[in-house]
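Please find below some comments on the model, set out as numbered points. They concern the surface first and the aromatic side chains afterwards.

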Amino acid sequence: MSKILVNEIGHNNDTTAMTIDSGGNISEANKEYFHVRLSTRITGLTDNTVNVVNFNSSGVVEYDTKSNWDSTNNAYQFDSADGVYLITYSVGLQSPTVSTETMVDGAASMMFSTDNFSSVVNAPQFGNGMRVQNNVGDELGSVPVSGSVLYKNTNANMKVQMRVYANTAGSATYSISEQANQMVGSTVSDFSNSDCTYFSIVRIA
């Protein structure tokens, strides 16, 4: 059996594509991945309306290896016009006071645009939603919405942002939770640092 023993693999112009350490671990120099999370609960959103999640004012960008975060539009621009990406999202929607149990509907969608959201690309879009009020009018205090998808980009300048919607009964506003702890009616201290609103993007091909 033979082996190829190298520490680096790269282009013939001397650009390093990946390195291999002494433990056999591979590190790709230009790997694209991104993660943004909410760091402060967003309150006072108008009931029965769609809102862009304002990560710029109320969140933290944890990773952005290509520096492609668009803070003006709360959107991430894909670095490759023909890359394959894994996109994961989660959002916690809640009534102003969870214990009042006023949520009727809740939904979230990842929206795509090539013109800074002057218009949106209708395909793809992907999301999820819940009708939480039952046939006798019982309601919930909060709604978690999440999902993931494999996405093949085919456009230059394509960006993606998260939008949410909630409808409440008996309240003029809704909120977006930062933590899992805020989604329940009683304090669960173990979950006070558990992020529940975020989205992540990783290029896989």
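**Notes on a nonpolar patch and the aromatic pairs**

1. Leu86, Leu150 and Ile204 together make a nonpolar surface patch of about 280 Å²; please keep in mind that this is a predicted model.

2. Of the residues in that patch, Leu150 is placed in strand S13. Its relative accessible area is 58%, and because the cut-off for an exposed residue is over 50%, Leu150 counts as exposed.

3. Turning to the aromatic side chains, the count of aromatic pairs in the model comes to 13. One of these pairs is formed by Tyr76 and Phe78, whose rings meet edge-to-face, with 6.1 Å from centre to centre and 90° between the planes. Tyr76 and Phe78 are both buried.

4. Phe78 also pairs with Tyr151, and here the arrangement is tilted, with the centres 5.0 Å apart and an angle of 45° between the planes. Phe78 lies in the loop between strand S9 (75-77) and strand S10 (84-94), whereas Tyr151 belongs to strand S13 (residues 142-152), so the pair ties together parts that are 73 residues apart in sequence. Both partners, Phe78 and Tyr151, are buried.

5. Strand S13 therefore deserves a second look, since it holds Tyr151 of the tilted pair and is also the place of Leu150; Tyr151 is buried, while Leu150 is exposed.

6. Finally, the residues of both pairs described above, Tyr76, Phe78 and Tyr151, belong to one aromatic cluster, which also includes Phe34, Phe55, Trp69, Tyr85, Tyr89, Phe112, Phe126 and Phe199.

Note on methods: Residues are numbered from 1 along each chain as its sequence is written. This is a predicted model: local features need pLDDT of at least 70, side-chain atom pairs count only at pLDDT 80 or more; totals for chains, interfaces and linings use all residues. Side-chain values use heavy atoms; hydrogens and water are left out. Rings of Phe, Tyr and Trp (its six-membered ring) pair if their centres lie within 6.5 Å; planes under 30 degrees apart count as stacked, over 60 as edge-to-face and the rest as tilted. Buried means under 20% relative accessible area, exposed over 50%, partly exposed in between (1.4 Å probe, protein chains only). Helices (H or I, at least four residues) and strands (E, at least two) are DSSP runs, numbered from the N terminus. Patches are made of residues with over 30% relative accessible area and no salt bridge: like charges are joined within 9 Å, nonpolar side chains (Val, Leu, Ile, Met, Phe, Trp, Tyr) within 5 Å. Accessible areas come from the Shrake-Rupley method with a 1.4 Å probe; for residues, only the protein chains shown count as cover. A salt bridge is a side-chain nitrogen of Lys or Arg within 4 Å of a carboxyl oxygen of Asp or Glu.
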